[in-house]
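Let's go through this one by asking how each label is earned. Have a look at the picture, then read on.

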Amino acid sequence: MNLFRNFKSVTKTCYGRGSFGKLDEILAPQRAANKGFMVFVVDDWFADKADFKKRIPVHEGDELFFISAKDEPKTSQIDALRDDVLGRKGLPAGIIGIGGGTMMDIAKAASLMFTNEGSSVQYQGLNLIKKPGIWHCAIPTISGTGAEVSMTAVLTGPVKKLGLKCDWTVCDQIVLDPDLIATVPQDQWFYTGMDTYIHSVEAITGTKKNTFAEAYSEKALEMCREVYLRRDRKDPKSDELLMVASYMGGLSLTYSEVGVCHALSYGLGKVLDIHHCIANCIAFDKLEDVYGEYVQEFKGMVKHNNVHIPQGLAKDWSEETIDAMAEVAYNLPHMWDHAFGPEWEKVLDRERIKGWYRRM
Ligand code: NAD
Ligand code: ZN
């Protein structure tokens, strides 16, 4: 099939155990820009981890923020961070996000908002950003979302939950150090890891699938099987595989599209504030009629790793809640077009979407 995308990739990638130790050296040549200081946004899980804190290469004049990942990033939060730093210190040389999808998206979005006037709300969507942002770097401490490679920074605004999506969103630098993900709690490790499994499945099971996406997807799926079915989590190779699987799953998606699971997941996220990765798991678990053997495999992974996927949620949802979620999901035509083809409206209506929600 012809699918002419012309996408930007991460400029520099530093991979390997201990690579976090290279960060000071990586930042050195970037520090001369603008007002010559760096901004670090770090998951606050690390705020009381003295050994790790010592390793963050904060120089005099740099700004270090520990931020909670409890809520997914908001437009107001990005605007406030930007206004605070610009007001006190002027334009930073760069920004580094250390954490999961939440911290990486905060760094990516703030990078753009440092140079684009007004509120981030007005830039939610594709190619709305006017100017390149400041230099930015993502360092995952939990793997699966692919936020380290993607061209979007997902933000919840007053109306939309939608990314700042453009070439300039893509990171200038990423540091992939498998040592950093060892401490992620078991359930979260599973939910976030499954995001890359689901990205890979959705990328190759729709009308936009193509050889390029398949190559990344097949490798990512194979790595997920190693991590979640064949190896023990304590096996040191596991974290290495998962970290690279996240990257590959992200790239498979960049050249294809997500599908039914992500559409339903957006409804759960927007209406009920359920976080992206667990929402995906809740939805994927009920999508055997669409993703068949992949859902079987997913259930096997759940069992093998002894994790819990929330069940029986729909009994507490009102009709209005289900309607609202179905409306969010229905209004993602690019996902349905990928999942069911350009004539998707012939096989999909709001009732079918509600049926999936009622199974959850
Ligand atoms: P997260 O950033 O939401 O963090 C999840 C939990 O893991 C938090 O409690 C955090 O404190 C904890 N944690 C992180 N690293 C840890 C470590 N090393 N040890 C112990 N605990 C640790 O995680 P996520 O699932 O990676 O990210 C979800 C976010 O990513 C959502 O906001 C979603 O919208 C976004 N997302 C973005 C993209 C993209 O392409 N930009 C894609 C998918 C999801
Ligand atoms: Zn996802």
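Q: What makes the meeting of the side chains of glutamate 63 and lysine 89 a salt bridge?
A: A salt bridge is a side-chain nitrogen of Lys or Arg within 4 Å of a carboxyl oxygen of Asp or Glu. In this pair the N to O distance is 3.0 Å, so glutamate 63 and lysine 89 make the cut. Glutamate 63 lies in strand S3 and lysine 89 in helix H3, so the pair ties together parts that are 26 residues apart in sequence.

Q: What should I know about the model and its numbering before going on?
A: This is a predicted model, where local features need pLDDT of at least 70 and side-chain atom pairs count only at pLDDT 80 or more, while totals for chains, interfaces and linings use all residues. Residues are numbered from 1 along each chain as its sequence is written, chains are lettered from A and ligands numbered from 1 in the order in which they are written, and side-chain values use heavy atoms, with hydrogens and water left out.

Q: Which salt bridge do glutamate 63 and arginine 88 form, and at what distance?
A: Their side chains meet at 2.6 Å, N to O. Arginine 88 sits in helix H3 and glutamate 63 in strand S3, so this pair joins parts 25 residues apart in sequence.

Q: Why is glutamate 63 called buried or exposed?
A: Buried means under 20% relative accessible area, exposed over 50%, and partly exposed in between (1.4 Å probe, protein chains only). Glutamate 63 has 10%, so it counts as buried. Arginine 88, at 47%, falls in between and is partly exposed. Lysine 89, at 28%, is partly exposed too.

Q: How many salt bridges turn up in the whole structure?
A: A search finds 30. One of them links lysine 346 and glutamate 343, with the closest N and O atoms 2.5 Å apart. Lysine 346 has 68% relative accessibility, so it counts as exposed. There is also a network of salt bridges linking Glu222, Arg225, Glu226, Arg230, Arg231, Asp235 and Glu297.

Q: Which residues are the protein donors of the zinc ion (ligand 2), and what makes them donors?
A: Donors are N, O and S atoms within 2.8 Å of the metal (3.2 Å for Na, K and Ca); water is not among the atoms, so sites may look incomplete. Here Asp195 (OD, listed twice), His199 (NE2), His262 (NE2) and His276 (NE2) lie 2.1 to 2.8 Å from the zinc ion. Along the chain the donors follow the spacing D-x3-H-x62-H-x13-H. Histidine 199 in helix H5 (residues 186–204) and histidine 262 in helix H8 (residues 260–272) are 63 residues apart, linking distant parts of the chain.

Q: Are histidine 199 and histidine 262 buried or exposed?
A: Histidine 199 has a relative accessible area of 4%, so it is buried. Histidine 262 is at 2%, so it counts as buried as well.

Q: Where is serine 265 found, and what is it in contact with?
A: Serine 265 is in helix H8. Contact means heavy atoms within 4.5 Å. Leaving aside neighbours within four places in sequence, serine 265 touches His276, Ala279 and Asn280. At 2% relative accessibility, serine 265 is buried.

Q: What makes helix H4 (residues 101–113) close to its expected span?
A: The expected span of a helix is 1.5 Å times one less than its number of residues. H4 has 13 residues and reaches 18 Å from first C-alpha to last, close to the 18 Å expected. As for helices (H or I, at least four residues) and strands (E, at least two), they are DSSP runs, numbered from the N terminus. H4 is also mostly covered, with 13 of its 13 residues buried.

Q: How do you know that strand S4 (residues 94–99) and strand S6 (residues 135–140) pair?
A: Two strands pair if DSSP finds at least two bridges between them. S4 and S6 have six, in the parallel sense, so they qualify as a pair. Among the partners, isoleucine 98 is matched with isoleucine 139 in S6.

Q: In what order do the six strands of the open sheet run?
A: The order is S1-S9-S6-S4-S2-S3, with parallel pairing. Strand S1 (12–15) and strand S3 (63–67) are the edge strands, each pairing on one side only.
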